[in-house]
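Dear colleague,

I am passing on the structure we spoke about, together with some notes on how parts of it fit together. Please have the sequence and the coordinates open as you read.

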Amino acid sequence: MSDTPGISRRALLLGTGGVVAAAAVAAVGTAVTQGGPTTSTTTDRAPGVRATGRTQAGVARPATPQRQALHAVLRLGGGADPGPDLRSGLAAAGATILRLVSGPSDELPDGPGDLTIHVGLGPGPLAAIDPTLPAATAMPRFAGDDGIPAGRDDGDVLVALASSDGTALRPALDAVVASLPGATTLWAEHGFRGPGQGTIARNPLGYHDGIIVPEGDDELDENVWLAHGPLAGATVCVLRRLRLDRTRFAALAEGERDRVIGRHADGRPLSGGGPTAEVDLQAKTPEGAYLTPARSHARAAHPSFTGSALMLRRGYAFDRGPLADGTADAGLLFVCFAHDLETFVRTQLRLDETDDLMPFTTPTASGSFLVLPGFDAAHPLGHQLWA
Ligand code: HEM
């Protein structure tokens with residue numbers, strides 16, 4: 001296998017070599033960009049990220065995820081009608097997002113910097129609008145899901161914010177939530193990432209993560225964005241808040257840790273090659289054992305076994321300090337995007353069966369959402385759902 005991530009395997013093993021016509025990523029209206037200096041005299045803000053267009057910001061752009069994020073999962077107001085009330089609420093939320101990222105505001109007096117905000121809908125409201133919508137069916141229960149506290153696995157709305165400046169996240173979230181009448185926050189998680197390039201950064205276990213993901217417009221079109229119909233530019237997001245037993249993992253010998261992952265900590269596959277090389281699932285030792293161990297995470301998660309799309313993984317570490325038993329409530333908020341829910345579901349079901357990493361994880365919140373297509377001032381957030 002080559003040292004170039006993806007191309008050959010994606011085309012050959014996934015059988016998805018056909019190129020989806022490169023999308024005319026024409027902005028549907030005036031792009032809101034903040035490339036220039038802000039009015040701030042107190043801070044250097046990161047350059048802005050385009051908020052409008054075919055897709056929402058913060059999924060694939062910026063290509064290197066901002067270092068701080070806040071994911072909030074909401075319950076819609078009890079009496080909210082999935083028709084007019086939700087439609088106007090989403091439009092208002094979209095207008096608030098455009099206001100927040102357009103320049104200095106009451107909430108963000110120094111300007112938005114590289115703040116991105118995207119919004120998704122969970123299976124409840126989706127099924128109420130149209131049960132045939134993508135992601136309108138709830139995920140099955142996975143191993144360990146019975147331990148997830150009530151209210152942390154069936155949210156109605158996802159509001160996902162990311163920024164280089166962690167202090168920008170809460171004021172912006174509060175403004176978006178206030179736009180959705182009657183909505184309350186079920187759970188929210190502040191996450192952080194180490195330095196990295198593209199989606200690759202060290203995860204809380206100290207391993208390079210985000211190596212094998214769809215890259216470039218063609219692969220994103222093929223694997224991540226819904227391609228056709230009114231929902232073109234939408235994507236399905238799965239969130240899994242996974243507490244990690246880092247102490248027990250760290251107590252393993254280095255070679256054992258690598259065998260659980262299937263790679264060395266710097267990303268090099270145990271089957272050989274550089275830090276961004278693909279794992280070779282066929283390579284064996286002279287004694288006939290797989291170099292990428294049979295129960296390693298990289299083998300278990302490999303899309304060739306499930307025949308599913310590649311998923312875009314942009315997770316964030318979290319740390320809330322000690323639990324009552326003294327262990328840390330810390331781990332990975334796993335965040336992935338794909339053009340269908342099955343990509344995640346099939347992969348997780350396989351991990352439940354054959355992945356030596358899973359015993360180090362405890363799911364503590366979970367959710368699936370249809371991240372709505374892009375929007376702008378003339379095309380309100382979510383209007384395509386009623387097209
Ligand atoms: C806290 C839990 C997890 C940790 C620490 C973790 C870590 C890693 C690491 C270090 C890699 C190898 C580098 C890379 O390709 O990015 C990897 C690969 C991967 N992981 Fe995870 N992961 C976790 C959970 C999950 C879950 C829940 C899924 C999906 C159900 C998943 C799906 C994948 C996929 C698809 C790959 C790429 C495999 C390939 O094509 O080579 N991971 N993960």
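Which residue in S12 stands opposite Gly120? Before answering, I should say that this is a predicted model, and what follows should be read with that in mind. The residue that stands opposite Gly120 is Val371 in S12, and S2 and S12, which run antiparallel, are joined by two bridges.

Strand S12 (residues 361-371) also has another partner, since it pairs with strand S8 (residues 235-244) in the antiparallel sense over 10 bridges, and within S12 it is Thr361 that stands opposite Leu244. Of the 11 residues of S12, 10 are buried, so this strand is largely enclosed by the rest of the structure.

Turning to helix H4 (residues 169-179), the buried residues there are Leu169, Ala172, Leu173, Val176 and Ser179. These residues cover an arc of only 120° around the axis, which means that they lie on the same side of H4. They pack against strand S1 (68-75), helix H2 (84-102), strand S2 (116-121) and strand S3 (157-163), so that S2, already mentioned for its bridges to S12, appears here as well.

Finally, there is an open sheet of three strands in the order S5-S6-S7, with antiparallel pairing. Strand S5 (196-197) and strand S7 (208-209) stand at its edges with a single partner strand each, and therefore one side of each has no neighbour in the sheet. S5 pairs with strand S6 (residues 200-202) over two bridges, and Ala201 in S6 is the bridge partner of Gly196.

With best wishes

Conventions. Residues are numbered from 1 along each chain as its sequence is written. This is a predicted model: local features need pLDDT of at least 70, side-chain atom pairs count only at pLDDT 80 or more; totals for chains, interfaces and linings use all residues. A residue is buried if 20 or more other C-beta atoms lie within 10 Å of its own, exposed if 12 or fewer, and partly exposed in between; C-beta atoms are placed from the backbone. Helices (H or I, at least four residues) and strands (E, at least two) are DSSP runs, numbered from the N terminus. The arc is that of the directions from the helix axis to the C-beta atoms. Two residues are in contact if their C-beta atoms, placed from the backbone, lie within 7 Å. Two strands pair if DSSP finds at least two bridges between them.
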